[in-house]
Every structure is written in structure tokens, then in C-alpha cells.
Amino acid sequence: MTDSDVPVFTTTSSNRTITVTATDAGQIIELRFEAAEYGRGAAVLAAEIVRLAAEQAS
């Protein structure tokens, strides 16, 4: 399978402040989030990123 053949998806948090693009296996390809997300703390931010990446993983 080549890189262009790997299925990817993009999902956004419910408050639209975090957007994750990942493969169908949950590997993060691109991550975007608003600076205000830093204020929630690293553990909370990381948990939300992982949750979003795993959301569509097979």
C-alpha cells in the first residue's frame, strides 16, 4: 500500500477548537488546535486528541 492509498479522515471536536486528520488506524497525520486549548492542561488536550484520532480507527 502506498501513502496515497492509506485511508484518512478528519474530525473536529464538538466545540470546533481541535481538528485531527488521521489514518483509519488512528495514526495522526495533521493536528490543528486553537491556542486557548493549552489552558485546559496538557493531559486533557492530549486525551481529546487521542480520542479524536481513535474515533474512526478500525
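Me: Which residue in S2 does Val8 stand opposite?

Reply: Strands (E, at least two residues) and helices (H or I, at least four) are DSSP runs numbered from the N terminus, and two strands pair if DSSP finds at least two bridges between them. This is a predicted model: local features need pLDDT of at least 70 and side-chain atom pairs count only at pLDDT 80 or more, while totals for chains, interfaces and linings use all residues. Residues are numbered from 1 along each chain as its sequence is written, and side-chain values use heavy atoms, with hydrogens and water left out. S1 and S2 run antiparallel, joined by 5 bridges, and the residue in S2 that stands opposite Val8 is Thr23.

Me: Thanks! Along S1, which side chains are buried?

Reply: Buried means under 20% relative accessible area, exposed over 50% and partly exposed in between (1.4 Å probe, protein chains only). The side chains of S1 alternate, and Val8, Thr10 and Thr12 point to one face and are not buried. Pointing to the other face, and buried, are Phe9 and Thr11.

Me: In the hairpin of S1 and S2, which residue in the turn has a positive phi?

Reply: The hairpin has 5 residues between its two strands. Most residues other than glycine have a negative phi. The residue here is not a glycine, yet has a positive phi of about 65°; that residue is Arg16.

Me: Is Arg16 buried or exposed?

Reply: Arg16 is found in the loop between S1 and S2. Its relative accessible area is 64%, so Arg16 counts as exposed.

Me: What relative accessible area does Thr17 have?

Reply: Thr17 lies in the loop between S1 and S2. Leaving out residues up to four places away in sequence, Thr17 touches Arg32, Phe33, Glu34 and Glu37 (contact means heavy atoms within 4.5 Å). Thr17 is buried, with a relative accessible area of 13%.

Me: Glu37 turned up among those contacts; which residues does Glu37 itself touch?

Reply: Glu37 sits in the loop between S3 and H1. Glu37 is buried, as its relative accessible area is 4%. Not counting residues up to four places away in sequence, Glu37 touches Asn15, Thr17, Ile18 and Leu45.

Me: Which strands stand at the edges of the sheet?

Reply: Strands of a sheet pair through backbone hydrogen bonds, either parallel or antiparallel. Here an open sheet of 3 strands has antiparallel pairing and the order S1-S2-S3. Two of these strands each have a single partner strand, so one side of each is left without a neighbour in the sheet; these edge strands are S1 (8-12) and S3.

Me: What angle does the direction of H1 make with that of S2?

Reply: Axes are lines fitted to C-alpha atoms, for helices over the stretch in contact, and angles run from 0 to 180 degrees between N-to-C directions. Helix H1 (residues 42-55) packs on the sheet and touches S1, S2 and S3. The angle between the directions of H1 and S2 is about 45°.

Me: How do S2 and S3 match up, and which residue is the bridge partner of Thr19?

Reply: S2 and S3 pair in the antiparallel sense over 5 bridges. Ala22 stands opposite Ile28 in S3. For Thr19, the bridge partner in S3 is Arg32.

Me: Which residues is Gly26 in contact with, beyond its sequence neighbours?

Reply: Gly26 belongs to the loop between strand S2 (18-23) and strand S3 (28-33), where the hairpin has 4 residues between the strands and Gly26 takes a positive phi near 95°. Gly26 is partly exposed, with a relative accessible area of 23%. Its C-alpha atom is separated by 8.3 Å from that of Val50, 24 residues apart along the chain. Leaving aside neighbours within four places in sequence, Gly26 is in contact with Ala53 and Ala57.

Me: Stepping back to the protein chain, in what order do its elements run?

Reply: The chain has 1 helix and 3 strands. Its C-alpha atoms fill a box of roughly 40 × 15 × 15 Å along the principal axes, and buried residues make up 28% of its 58 residues. From the N terminus on, the order is β-β-β-α.

Me: Last one: how far apart do the centres of the positive and negative side chains lie?

Reply: Lys and Arg count as positive and Asp and Glu as negative, with His and the chain ends not counted. A charge is placed at NZ of Lys, CZ of Arg, CG of Asp or CD of Glu. With 4 positive and 8 negative side chains in the protein chain, the centres of the two sets lie apart by 10 Å.
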